[in-house]
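Subject: Structure handover and what was found in it

Hello,

I am passing on the structure that we talked about, so that you can open it beside this message. Please keep it in view while you read, since the notes below go through it residue by residue.

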Amino acid sequence: MKKLYTLFLLVVGFTLHSNAQNWMMQNIGYSVAAAYPSDIDAVDSNVVWTATSSVGDGSGVGVQLWSRTIDGGANWTSGSFTADTNFRISNISGVDSNTCYILTYNNTVGSGGYLFKTTDGGTTWDTVSTGQVFLASPSFPNIVHFFDAANGMLMGDPLGGYYEIYTTV
């Protein structure tokens, strides 16, 4: 009986250990110390993109920051994607180590927004949409998802009883 009990404890201990998750603190390198990620997208086990317009110090400062790792979190690159502090992050969609989309909304009026895109790992960000979607109140951009660098969709709150959905053509 003692051997059976010992074997049972070994099996349970191994099972619990093999299913345990190890968490590691990451410094993602935002230029504003109190900024924290409001959205994150893991492309694979090495490539992760984050974005934020949130600062947790109560200052109300608007930021538009991003960060990216291409080596599973060992190193992070960060920067800003626009200087217009009226826009806040709705969602982020990383495609690969160089390509990422960030969807924003106009914080001043609560609707409208822009879609930003980088194809060079965040060195430059271009405006993909020029605020022509999610314009009518109470429309609000919620989700961006790109299946690859060219094919994606945007979804927002219902407008006139229907969700506002846009796809690439």
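Leaving aside its neighbours within four places in sequence, Ile102 is in contact with ten residues that you can pick out in the viewer: Ala51, Trp66, Phe81, Ile89, Asn91, Ile92, Tyr114, Leu115, Phe116 and Trp125. Ile102 itself lies in strand β6, and it counts as buried because its relative accessibility is 0%, where buried means under 20%. To see how sequence and space relate here, compare Ile102 with Phe81, which is 21 residues away in sequence, while the two C-alpha atoms are 8.7 Å apart in space. Please bear in mind throughout that this is a predicted model.

One of those contacts, Ile92, deserves a look of its own. Ile92 belongs to strand β5, which covers residues 87-94, and with a relative accessible area of 4% it is buried as well. If residues up to four places away in sequence are not counted, Ile92 touches Asp39, Ile40, Asp41, Trp49, Thr50, Ala51, Cys100, Tyr101, Ile102 and Val144. Between Ile92 and Phe116, which are 24 residues apart along the chain, the C-alpha atoms are separated by 9.5 Å.

Next come the aromatic rings. How many aromatic pairs does the count come to? The count comes to nine aromatic pairs. One of them joins Tyr101 and Phe146, whose rings are stacked, with 3.5 Å from centre to centre and 5 degrees between the planes. This pair links distant parts of the chain, since Tyr101 sits in strand β6 (residues 100-106) and Phe146 in strand β9 (residues 141-146), 45 residues apart. Tyr101 counts as buried at 2% relative accessibility, and Phe146 also counts as buried, at 7%. Elsewhere, ring pairs link Trp49, Trp66, Phe81, Phe87, Tyr114, Phe116 and Trp125 into a cluster, and several of these names, including Trp66, Phe81 and Trp125, appear among the contacts of Ile102.

Tyr101 and Phe146 return in the lining of the largest pocket, together with Leu115, Val128, Ser129, Gly152, Met153, Leu154, Tyr166, Thr167, Thr168 and Val169. Strands β8 (126-129), β10 (152-159) and β11 (162-167) are the elements that give two or more residues to this lining, and β10 gives the most, with three. The volume of the pocket is about 200 Å³, and by class its lining has eight nonpolar residues, four polar ones and no charged ones.

As for the chain in general, its secondary structure comes to one helix and 11 strands, and the helix stands ahead of the strands when the elements are read from the N terminus. Of the 169 residues, 37% are buried. Among contacts between residues at least 6 apart in sequence, 35% join residues at least 24 apart.

Finally, a word on confidence. The mean pLDDT of the chain is 84, and 86% of the residues reach 70 or more. Where is confidence lowest, and where is it highest? The lowest mean, 46, belongs to helix α1 (residues 2-18), whereas strand β3 (residues 65-69) has the highest, at 97. Over residues 1-14 the pLDDT stays under 50, and for this stretch the model has zero contacts beyond four places in sequence.

Best wishes

Methods
Residues numbered from 1 in each chain as written. Predicted model: local features only at pLDDT ≥ 70, side-chain atom pairs only at ≥ 80, totals over all residues. Heavy atoms only, no water. pLDDT = per-residue confidence, 0-100. Helix = DSSP H or I, 4+ residues; strand = E, 2+ residues; numbered from the N terminus. Contact = heavy atoms within 4.5 Å. 1 Å grid on protein atoms, 1.4 Å probe; cavity = no way out; pocket = protein on both sides within 12 Å on 5 of 7 lines; lining within 4 Å. Points joined across faces, edges and corners; volume = space filled by probe spheres on them. Nonpolar A, V, L, I, M, F, W, Y, C, P; charged D, E, K, R; others polar. Phe/Tyr/Trp six-rings, centres within 6.5 Å; stacked < 30°, edge-to-face > 60°. Buried < 20%, exposed > 50% of the residue type's maximum accessible area, 1.4 Å probe, protein only.
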